[in-house]
Amino acid sequence: MKFPRPRQEQAEVNLTPLIDVVFLLLIFFMVSTTFTRETQLSLTLPEAQGTPPEAQPEAVQVLVSPLGDYLINGEKLADNSEAGLRSALLRLGQDKTTRPMIITADANASYQAVVRVMDVAGQLGFDKLSLTTREADDEAQ
């Protein structure tokens, strides 16, 4: 007598659970990733000729954007008014007024924004102010 042999099912890999797990991992990593916002301004400096001064490592850095925004030592001010600028410079401390202040302004920044920084700094006792520029291109001459 011949007994029928049981049919062997072909082995197959079900990819649906694998795709689900990979998709969930992708969502998890996207949600848990921290996105940092850089608080840097892109500046186009005016040109000048001359020798650059020696770097002063402990200077107070003030950046002025073309829109009139201020960054003091890399921190953007929430209030771009004269009072906001004054309070931000006062938060540095009175001992920092003996340090030099380097004002870096975009070539398209308003003259008023740069003068406001110099005026507030002078009122607070900063007496070593300097403006930064970039070296002139030889082709432009």
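**Exercise 1. Work out how exposed Arg86 is, and find its charged partner.**

Arg86 has a relative accessible area of 25%, so Arg86 is partly exposed; that label covers the range between buried (under 20%) and exposed (over 50%), with a 1.4 Å probe and protein chains only. Before going on, note that this is a predicted model: local features need pLDDT of at least 70, side-chain atom pairs count only at pLDDT 80 or more, and totals for chains, interfaces and linings use all residues. Residues are numbered from 1 along each chain as its sequence is written, and side-chain values use heavy atoms, leaving out hydrogens and water.

Next, look for a salt bridge, meaning a side-chain nitrogen of Lys or Arg within 4 Å of a carboxyl oxygen of Asp or Glu. Arg86 makes one with Glu82, and their closest N and O atoms are 3.3 Å apart. Glu82 is partly exposed too, at 33%. Finally, place the two: both sit in helix H2 (residues 82–91), four residues apart, or about one turn of the helix. Helices here are DSSP runs of H or I with at least four residues, strands are E runs of at least two, and numbering goes from the N terminus.

**Exercise 2. Locate Asp69 and list its side-chain partners.**

Start with the place: Asp69 is in the loop between strand E2 (60–64) and strand E3 (70–72). Then check burial: with 15% relative accessibility, Asp69 counts as buried.

Now the partners. The structure holds two salt bridges, and one of them links Asp69 to Lys76, with the closest N and O atoms 3.8 Å apart. Lys76 comes out as partly exposed, at 47%. There's also a polar contact of 2.7 Å between the side chains of Asp69 and Asn80. For that term, a pair of N or O atoms must lie within 3.5 Å; within protein, one must be able to donate a hydrogen and the other to accept it, and residues adjacent in sequence count only if both atoms are side-chain atoms.

**Exercise 3. Follow E2 through its sheet.**

First, get the strand order: E4-E3-E2-E5-E6, an open sheet of five strands with mixed pairing. E4 (75–76) and E6 (129–131) are at the edges with a single partner strand each, so one side of each has no neighbour in the sheet.

Second, take the neighbours of E2, remembering that two strands pair if DSSP finds at least two bridges between them. E2 and E5 (residues 101–105) are parallel, with five bridges, and Gln61 stands opposite Ile102. E2 and E3 run antiparallel, with three bridges, and here Val64 faces Tyr70. The hairpin of E2 and E3 has five residues between the strands, and Gly68 takes a positive phi near 90°.

Third, read the side chains along E2: Val60, Val62 and Val64 point to one face and are buried, whereas Gln61 and Leu63 point to the other and are not.

**Exercise 4. Decide how far to trust the model.**

Use pLDDT, the predictor's confidence in each residue, from 0 to 100. The protein chain averages 81, and 84% of the residues score at least 70. Among its elements, helix H1 (residues 16–32) has the highest mean, 92, and strand E7 (residues 134–135) the lowest, 68. Where pLDDT is low, predicted coordinates shouldn't be read in detail.
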